[in-house]
Amino acid sequence: LYLCLNGHTITKTDAPSDSNKQAWDAVIRVFNDNTNLVLCDCIGGGALTHASGIPGKGVRVGSGSSSSALHTFKMFGGEIRGNHTGTSAGGVDGAGVEVQSAKFIMYGGKITDNHVEYKWNYGAGGILITGGYFYMYGGEISNNSSPYLGGGIVTIGTIELYGGTISGNTATNDGGGVWARRITLSGDVSIINNTAGKNGGGIYFCGYSSSHNLTISDSAKISGNTATGNGGGIYLESKPLIMTGGSIINNTATGDGGGVYLGEEGSFKISDNANISGNKKG
């Protein structure tokens, strides 16, 4: 499906009466093998959204089966905005976009003002990636919220950020901007002005295998993020943070580690032109 919004908005105006079905509902669902969704907007201002008071996700890609890695969602423009998941049933995570064992590539557009309103598993106000891939080259993930983890993004799969902005997102618990197990920041991507109610205002990282690292290079920037707990810029629970460039600047933690907080199993390798400055604690 190649969908150009052309300045128009698609608004879902109803939801299933069954609360369990509500949790999996979306404006657009992609669930057959070898299915590709391409979203753009030649004029601007168009969106995928829900009517006020109607719960549901913006886009849901994948069915969770092993073969569903063949699904692909490419976003060049348009907005996924104003979606709320508020049911107490399972599967409410990922109000903007949920990707299950599939691939999401973001070149432009906005994922903004999406909210998970009931804690179930992860949270993920903007994007949830479970067992799949997310590549970001441009666009904006902003002003989303989660009552648990990852105001902007939660990823159990692989996430590589090369451009665009992740800003103004809020998590009640950890990872105001991003909560991740394997993440690469490169190019000119910016993670700015996100807030965590506990740890990791910009990023909360918890790799669990030897291949899971947090790497930062080029001109990637983590700036202006806030954590009520530890790690205003980054909270590193385990596995290495490898920094060969980029900047971690002007972040704040009420607890320890205004810029970076290393947990008991974390390590930090820094070289070349990396910049860590202007961060504050307490």
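In which strand is Ser167 found? The residue belongs to strand β20, which covers residues 165–167. The model examined here is a predicted one, and Ser167 offers a convenient point of entry into it. With a relative accessible area of 16%, Ser167 is buried, because buried means under 20% relative accessible area. Setting aside neighbours within four places in sequence, Ser167 touches Ile141, Ser142 and Asn143, and also Ile192, Asn193 and Asn194. One of these, Asn143, lies 24 residues away along the chain, yet the C-alpha atoms of Ser167 and Asn143 are separated by 6.7 Å.

Contacts of this kind can be placed in the context of the whole chain. The chain contains one helix and 35 strands. Of the contacts with a separation of 6 or more, 83% are between residues 24 or more positions apart. The C-alpha trace spans about 50 × 35 × 35 Å along its principal axes. For 282 residues, a compact globule would have a radius of gyration near 19 Å, and the value of 18 Å for this chain agrees with that. Buried residues account for 56% of the 282 residues. The chain exposes about 10,700 Å², of which carbon and sulfur atoms supply 45%.

The strand that holds Ser167 also has a place in a sheet. Ten strands form an open sheet in the order β2-β5-β8-β12-β16-β20-β24-β28-β31-β34, and their pairing is parallel. At the edges stand β2 (residues 9–12) and β34 (residues 275–277); each has a single partner strand, so one side of each is left without a neighbour in the sheet. Neighbouring strands of this sheet are turned by 10° against each other on average, direction ignored. The partner of β2 can be examined in detail: four bridges join β2 to strand β5, residues 47–50, and the two run parallel. Within this pair, Ile10 has Leu48 of β5 as its bridge partner.

A further group of strands can be followed from β22 to β33. Strand β22, residues 178–180, pairs with β26 in the parallel sense over three bridges, and Ala180 stands opposite Phe205 in β26. On which residues do the two faces of β26 depend for their description as covered? In this strand, residues 203–206, Ile203 and Phe205 lie on one side, Tyr204 and Cys206 lie on the other, and all are buried. A general rule helps in reading such a pattern: in a regular strand the side chains alternate between the two faces of the sheet.

From β26 the path continues to strand β30, residues 234–243, with which β26 pairs in the parallel sense over four bridges. Ile203 has Ile234 as its bridge partner in β30, while Phe205 has Leu236. Strand β30 is also joined to strand β27, residues 214–216, by three bridges, and these two run parallel; here the bridge partner of Ile216 is Met243. Nine bridges then join β30 to strand β33, residues 260–270, again in parallel, with Ile234 opposite Val260. Seven of the ten residues of β30 are buried, so this strand is largely enclosed by the rest of the structure.

The interior may now be considered. The largest nonpolar core has 46 residues, and those with the most contacts inside it are Phe73, Phe104, Phe134, Leu161, Ile183, Leu185 and Ile216. Strand β30 gives the most to this core, with four residues. What surrounds Leu185? Apart from neighbours within four places in sequence, Leu185 is in contact with Leu161, Ile191, Ile203, Leu214, Thr215, Ile216, Ser217, Ala220 and Ile222. A second, separate core has nine residues, among them Leu128, Leu149, Ile156 and Tyr204.

A last example returns to a single residue. Thr85 has its place in strand β9, residues 84–85. At 2% relative accessibility, Thr85 counts as buried. Leaving aside neighbours within four places in sequence, the contacts of Thr85 are Gly56, Lys57, Val92, Ala95, His115, Val116, Glu117 and Tyr118. Both Thr85 and Ser167 are thus buried residues that lie in strands, the former in β9 and the latter in β20.

How values were computed: Residues numbered from 1 in each chain as written. Predicted model: local features only at pLDDT ≥ 70, side-chain atom pairs only at ≥ 80, totals over all residues. Heavy atoms only, no water. Pairing = 2+ DSSP bridges. Axes fitted to C-alpha atoms, helices over the stretch in contact; angles between N-to-C directions. Rg over C-alpha atoms; globule rule 2.2 N^0.38 Å. Buried < 20%, exposed > 50% of the residue type's maximum accessible area, 1.4 Å probe, protein only. Contact = heavy atoms within 4.5 Å. Areas by Shrake-Rupley, 256 points an atom, 1.4 Å probe, with all protein chains shown as cover. Core = buried A, V, L, I, M, F, W, Y, C linked by side-chain atoms within 4.5 Å.
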